[in-house]
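Morning, everyone. Please pull up the model and keep it in view while I talk.

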Amino acid sequence: MRLSLALGLGALAIGVATPSVAGAQETDSARIARLERQIDAITRELEDLKLGRDIVAQADTGVLGFGPAASKIYRTNRGVSLGGYGEFLYERFADEREDGTPSGATDRLDALRAILYVGYKFTDRLLFNSEIEVEHAATGEEGSVSLEFAFLEYRIAPPLGVRAGLLLAPMGFVNELHEPPTFLGATRPETERQIIPSTWRENGVGVFGETGGFAYKLYLLNGFDAAGFSAQGLRGGRQKGSEALAEHLAGVARLDYGGVLGLIVGGSVYLGRSGQNAGFGARTLVAEGHVEYRARGWSLRGLATVATVDDVDQLNNAAGLT
């Protein structure tokens with residue numbers, strides 16, 4: 001009796017347990033499937049959020065004073081880096097001048113710039129970076145193809161790095177960081193086109209670094225060619241790395257403080273002779289101070305700059321000016 005009961009209970013237990021286990025298996029399977037769907041959804045959301053943060057950061061964040069696209073090489077682990085941007089400008093002119101006379105100006109739509117950044121990262125410390133620019137969509141008329149910068153850089157440590165090649169003069173806001181979303185306005189400010197003649201680049205070598213909230217650059221470059229100076233400013237004196245005259249060299253130094261969130265305060269000085277063996281020195285000084293503060297979507301920016309040139313009598317005589 002006891003044996004039969006035990007068997008009976010065992011059979012009963014088995015009979016009851018069998019559908020219970022099956023039901024549990026079905027419940028577990030459904031639960032696992034539901035969790036998998038939830039994990040997939042969360043993963044996609046996290047990827048979207050991360051991608052969004054990366055896009056925002058890269059679209060508005062530069063490295064070492066360069067624009068966001070020009071800084072792409074610094075975010076690359078190894079090998080080739082490609083970046084760039086395009087800039088189109090539409091100008092609609094008034095039919096009349098302020099005195100009421102016809103302006104005679106014709107509206108224009110210009111493929112102003114197409115930029116290609118090409119870089120190569122050899123190691124975490126050694127890289128090459130360059131910028132190639134096509135202006136006005138062609139090499140005819142006022143168009144051109146130019147090398148805006150091209151340099152080798154070796155980072156010894158965060159406070160010290162070395163660059164050599166065709167370098168952007170580290171002055172003002174726009175000369176180094178000249179990508180359209182990062183300057184205020186449809187065109188570059190006249191102050192940073194004529195007094196600081198962007199895009200201003202020369203052949204040279206220099207050091208740079210960041211430490212304790214400060215960032216600095218110190219370059220030795222070939223000087224201006226004073227023969228290109230005009231009443232409009234220093235812009236025509238840029239040699240742009242093309243068979244540059246190097247009888248006279250120049251130094252440029254920059255220091256910025258960014259230890260307060262949203263605040264940048266700094267200045268830079270350029271000093272050198274520009275005569276380039278023309279029989280006079282034409283000592284040229286360019287100095288500027290700048291401040292920028294960003295908070296809650298607002299940006300406040302100010303810059304003051306001055307330029308002086310010596311030996312203007314000799315310079316005017318050489319240029320045939322009165």
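One definition to begin. A residue counts as buried when its relative accessible area is under 20%, and as exposed when that area is over 50%. Keep in mind that this is a predicted model.

Now the sheet. How many strands form it? There are 11 strands, and they make an open sheet. The order runs β1-β2-β3-β4-β5-β6-β7-β8-β9-β10-β11, with antiparallel pairing. Look at the edges. β1 (79-91) and β11 (298-309) stand there. Each has a single partner strand, so one side of each has no neighbour in the sheet. From one strand to the next, the twist averages 15°.

What holds strands together? In general, strands of a sheet pair through backbone hydrogen bonds, either parallel or antiparallel.

Let's take one pair. Strand β4 covers residues 144-157, and strand β5 covers residues 160-168. They pair in the antiparallel sense over 7 bridges. Find Phe151: its bridge partner in β5 is Gly165.

Next, one residue up close. Go to strand β10, residues 283-295, and find His290. Is His290 buried or exposed? Its relative accessibility is 3%, so His290 counts as buried.

Which side chains does His290 meet through polar contacts? One is the side chain of Arg254, at 3.2 Å. Another is the side chain of Glu288, at 2.8 Å.

Now look further along the chain. Leaving out residues up to four places away in sequence, His290 touches several others. Among them are Phe173, Asp256, Ile264, Val265 and Leu303. Arg254 is on that list too, and we have just met its polar contact with His290.

How values were computed. Residues numbered from 1 in each chain as written. Predicted model: local features only at pLDDT ≥ 70, side-chain atom pairs only at ≥ 80, totals over all residues. Heavy atoms only, no water. Helix = DSSP H or I, 4+ residues; strand = E, 2+ residues; numbered from the N terminus. Buried < 20%, exposed > 50% of the residue type's maximum accessible area, 1.4 Å probe, protein only. Polar contact = N/O pair within 3.5 Å; in protein donor to acceptor, adjacent residues only side chain to side chain. Contact = heavy atoms within 4.5 Å. Pairing = 2+ DSSP bridges. Axes fitted to C-alpha atoms, helices over the stretch in contact; angles between N-to-C directions.
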